[in-house]
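Me: Hi! I'd like to chat through a structure with you. Could you help me find my way around?

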Amino acid sequence: MPLIKTTAMFKKAYEGGFAIGAFNVNNMEIVQGITSAAAELNSPVILQCSAGARKYANSRYLVHLVRAALEVSDIPIALHLDHGPDYATCKSCIDDGFTSVMFDGSHYPFAENIAKTKEVVEYAHAHNVVVEAELGQLAGIEDDVKVDADKAHYTKPEEVEEFVSKTGVDSLAIAIGTSHGAFKFKPEQCTRNADGVLVPPELRFDILAEIEKKIPGFPIVLHGASSVIPKYVKIINDNDGKLDDAVGIPEDQLRKAAKSAVCKINIDSDLRLAMTAGIREHFKAHPEHFDPRQYIAPGRDYIKELVMHKIKTVLGSEGSAPGIMELVNQY
Ligand SMILES: [Zn+2]
């Protein structure tokens with residue numbers, strides 16, 4: 001099975017009230033953990049690489065790791081560039097065989113964001129690749145992307161129609177209160193639930209609804225949508241880690257978003273936490289171990305467990321692979 005674009009995935013997701021998980025990959029074990037989970041649940045999946053991941057692993061390694069995953073797991077997979085900073089990076093990924101790229105011009109003035117996004121769309125579409133762009137800015141830090149809380153701003157619904165029609169983009173990332181990283185909100189912005197877990201302010205579903213009204217049927221993307229699952233944070237802290245007041249987006253809010261126009265939900269921090277939890281737990285229990293297979297495998301197991309949980313309880317994409325494969329030849 002070849003790598004596919006996200007077009008058929010998003011069409012099915014929009015109609016079916018679910019979302020496709022877009023998981024960030026940096027190495028072999030992360031690719032294996034994610035795709036074995038998706039294959040077991042017959043779910044499509046988007047594997048995405050940031051510019052930082054391409055620098056770390058070398059883009060060619062990532063492309064071939066993802067191709068290997070395709071050979072061993074019979075599910076629809078798209079390979080996506082996360083936060084492409086410029087035309088050259090997007091072009092390089094398209095030339096490398098990516099089936100989807102994001103151009104992130106969200107920090108540019110509106111007209112400049114349109115012009116730069118359009119340039120990427122023209123090259124991508126000529127090569128049968130789809131493009132995600134962004135309007136509005138999320139707070140937080142992820143790899144090379146850093147936005148201070150005072151610079152972050154919600155997407156303006158009145159801009160989306162013009163942006164989509166002038167750029168020809170295929171999906172749109174919006175800012176409605178999600179945030180990059182494992183420390184999405186300051187404790188004073190949150191309340192605490194009965195278990196002592198920090199709960200952030202609710203996502204702006206009113207803005208999402210307005211956007212959906214302006215561009216009905218158009219796929220929306222949520223970045224910064226890790227839940228910072230307390231289980232993995234606790235394992236890390238119980239095994240000599242130190243993550244104080246890590247806070248994410250509650251899963252019930254993400255599930256609600258997945259049922260709407262949101263067709264792609266990005267998850268990176270949760271993968272990092274799961275892998276770190278597995279490795280830390282192993283080292284604490286087995287300080288004498290020094291074979292990397294011994295300590296990386298538990299990290300991979302936690303990634304698989306996490307992705308299965310996301311597919312079942314947050315994304316709702318379980319069992320949707322066959323329907324997407326039927327549709328994929330039309331695009
Ligand atoms: Zn992002």
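Me: Which residues are exposed on the other side of helix 5?
Reply: Those are A88 and D95; exposed means 12 or fewer other C-beta atoms within 10 Å of a residue's own, buried means 20 or more, and partly exposed is in between, with C-beta atoms placed from the backbone. This is a predicted model, where local features need pLDDT of at least 70, side-chain atom pairs count only at pLDDT 80 or more, and totals for chains, interfaces and linings use all residues. Residues are numbered from 1 along each chain as its sequence is written.

Me: And which residues of helix 5 are buried?
Reply: In helix 5 (residues 87-96), C90, C93 and I94 are buried. Helices (H or I, at least four residues) and strands (E, at least two) are DSSP runs, numbered from the N terminus.

Me: What covers them?
Reply: The cover includes strand 3 (77-84), strand 4 (100-103) and helix 6 (110-126).

Me: What comes just after helix 5?
Reply: There G97 takes a positive phi of about 110°.

Me: New topic: why does L172 count as buried?
Reply: Because L172 has 24 C-beta neighbours inside 10 Å. L172 lies in strand 8 (residues 171-174).

Me: What is L172 in contact with, leaving aside neighbours within four places in sequence?
Reply: A133, L135, V160, V164, F218, I220 and V221. In contact means that the C-beta atoms, placed from the backbone, lie within 7 Å.

Me: How much of the chain is buried?
Reply: Buried residues make up 52% of the 331 residues, and the chain has 13 helices and 13 strands.

Methods:
Contact = placed C-beta atoms within 7 Å.
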